[in-house]
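Ready for some practice at reading a model? Grab a pencil, try each exercise yourself, and then go through the solution step by step.

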Amino acid sequence: MTKAEDDSTMALSYEEFKKEASQLCGTDLFLYKSQQMDRRIHSLMSYWEVKDYDEYLNVLKTNPRRFQEFVKRLTINVSEFFRNPDRFMELWERILPEILRSSGTIRIWSAGCSNGAEPYSVAIILKELNALHRATVLATDIDQVVLDKAQQGAYYFNEVKSLPAELREKYFRQAGEVFYFDENLKKRIQFTKHNMLLEPFPENLDLIICRNVVIYFTEEAKEKIYLGFNQALRDGGYFMTGGTEPILYYRQYGFENVAPSFYKKVGPPKPELEAGPWSLL
Ligand SMILES: C[S@@+](CC[C@H](N)C(=O)[O-])C[C@H]1O[C@@H](n2cnc3c(N)ncnc32)[C@H](O)[C@@H]1O
């Protein structure tokens with residue numbers, strides 16, 4: 001047997017599987033933290049009783065439901081309205097009023113918006129501040145399934161229970177067990193599929209909300225994302241992180257830490273850091 005024939009019969013290694021799966025998903029799985037990624041991939045394989053990586057790759061290529069499940073499991077789309085309420089109150093009482101004072105019209109990006117709870121929470125605050133008409137809210141996610149759910153804006157009680165009752169009553173219409181988000185507010189949000197690890201970022205933003213997304217990325221990927229955020233924000237714009245993901249070296253990315261979870265752009269990143277969204281695929 002020649003070496004080529006020998007190689008063609010060799011089983012896929014885990015690294016090769018991840019490379020092929022990256023192409024399939026359109027995102028670089030090597031940019032996600034490997035321990036969590038490995039655990040999820042292997043638990044899915046054992047759940048479906050798939051014997052090796054070749055077989056699993058074949059399943060992903062030929063079975064759209066299994067493929068969707070794979071993407072969903074790897075990207076984890078848990079979300080909730082007003083997640084970490086104290087941070088949303090800070091957004092409501094201090095950060096958004098400050099942004100609204102300095103700009104006529106404002107641009108907000110909810111990056112990794114999952115089922116819509118995050119951008120809808122922002123829409124509620126803007127409406128309460130009487131400023132929704134001045135705002136463009138972009139909401140993006142890599143996962144089309146959660147984006148469809150977000151666009152539908154229909155939730156079970158379990159999913160809206162984190163909202164104060166008066167806001168829930170004001171901004172949702174209940175029909176049976178389902179709570180439908182207010183159509184007029186919903187219209188103000190543009191939902192789009194977008195891969196933060198691969199595609200260019202929106203520009204001239206006043207506020208980026210990116211919470212509980214980069215925690216799954218490697219340190220290298222995070223760095224590129226933070227640099228990209230700096231470029232995407234206008235001077236003085238804000239970046240809101242998740243409750244458990246403080247940025248240690250925010251100064252090198254051109255940010256000031258103005259409150260827990262809130263970073264303000266105060267200048268360009270350190271020149272030695274290479275900026276910009278990029279692709280490793
Ligand atoms: C844990 S959820 C966070 C949802 C929301 N930001 C929050 O904090 O409640 C993470 C979301 O990030 C999305 N995501 C993961 N990788 C992504 C990528 N490369 N580009 C865009 N979104 C991504 C997932 O699909 C998922 O919906």
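## Exercise 1: How far to trust the model

Task: For residues 1–7, find out how the pLDDT behaves and how many contacts the model has beyond four places in sequence.

Solution. Keep in mind that this is a predicted model. Start with the confidence: pLDDT stays under 50 over residues 1–7. Then count the contacts beyond four places in sequence, and you get 1 for this stretch. Now look at residues 275–281, where the pLDDT is below 50 as well. Here the model has 19 contacts beyond near neighbours in sequence. Where pLDDT is low, don't read the predicted coordinates in detail. Finish with the whole protein chain: its average pLDDT is 90, and 94% of the residues score at least 70.

## Exercise 2: A strand and its surroundings

Task: Work out whether the residues of strand 1 (residues 106–111) are buried or exposed, and why the strand counts as largely enclosed.

Solution. Take one side of strand 1 to begin with: Ile106, Ile108 and Ser110 are all buried. On the other side sit Arg107, Trp109 and Ala111, and they are buried too. That fits a general pattern: in a regular strand the side chains alternate between the two faces of the sheet. Put together, 6 of the 6 residues of strand 1 are buried, so the rest of the structure largely encloses this strand.

Task: Which strands does strand 1 pair with, and in what sense?

Solution. One partner is strand 2 (residues 135–141), paired in the parallel sense over 6 bridges. In this pairing, Arg107 stands opposite Thr136. To get from strand 1 to strand 2, the chain passes through helix 7 (residues 117–128), and this β-α-β crossover is right-handed. Strand 7 (residues 205–209) is another partner, parallel again, with 3 bridges. There you'll find Ile108 opposite Leu207.

## Exercise 3: Two asparagines

Task: Asn130 and Asn212 lie in loops. Decide for each whether it is buried or exposed.

Solution. Asn130 is in the loop between helix 7 and strand 2. Its phi is near 60°, a positive value in a residue other than glycine. Count neighbours next: Asn130 has 9 C-beta neighbours inside 10 Å, so it counts as exposed.

Asn212 lies between strand 7 and helix 12 (219–232). Its phi is positive too, about 60°, although Asn212 is not a glycine. With 20 other C-beta atoms within 10 Å, though, Asn212 is buried. The cut-off for that is 20 or more.

## Exercise 4: Distances along the chain and in space

Task: Find how far apart the C-alpha atoms are for Lys161 and Glu80, and for Phe262 and Asn184.

Solution. Lys161 is in the loop between helix 9 (157–160) and helix 10 (165–171). With 13 other C-beta atoms within 10 Å, Lys161 is partly exposed. Lys161 and Glu80 are 81 residues apart along the chain, and their C-alpha atoms are separated by 8.8 Å.

Phe262 belongs to strand 10 (residues 262–265). Phe262 counts as partly exposed, since it has 19 C-beta neighbours inside 10 Å. Phe262 and Asn184 are 78 residues apart along the chain, with 28 Å between their C-alpha atoms. Leaving out residues up to four places away in sequence, Phe262 touches Glu90, Ile95, Tyr238 and Met240.

## Exercise 5: Around the ligand

Task: How many residues surround the ligand, and which are the closest?

Solution. The count is 22, and the closest are Thr75, Asn77, Ser79, Gly112 and Ser114. Sort the shell by class and you get 7 nonpolar, 10 polar and 5 charged residues.

Methods: Residues are numbered from 1 along each chain as its sequence is written. This is a predicted model: local features need pLDDT of at least 70, side-chain atom pairs count only at pLDDT 80 or more; totals for chains, interfaces and linings use all residues. A residue is near a molecule or strand if its C-beta atom, placed from the backbone, lies within 6 Å of it. Ala, Val, Leu, Ile, Met, Phe, Trp, Tyr, Cys and Pro count as nonpolar, Asp, Glu, Lys and Arg as charged, and the others, Gly among them, as polar. pLDDT is the predictor's confidence in each residue, from 0 to 100. Two residues are in contact if their C-beta atoms, placed from the backbone, lie within 7 Å. A residue is buried if 20 or more other C-beta atoms lie within 10 Å of its own, exposed if 12 or fewer, and partly exposed in between; C-beta atoms are placed from the backbone. Helices (H or I, at least four residues) and strands (E, at least two) are DSSP runs, numbered from the N terminus. Two strands pair if DSSP finds at least two bridges between them. A crossover is right-handed if, with the strands pointing away from the viewer, the path from the first strand over the helix to the second runs clockwise.
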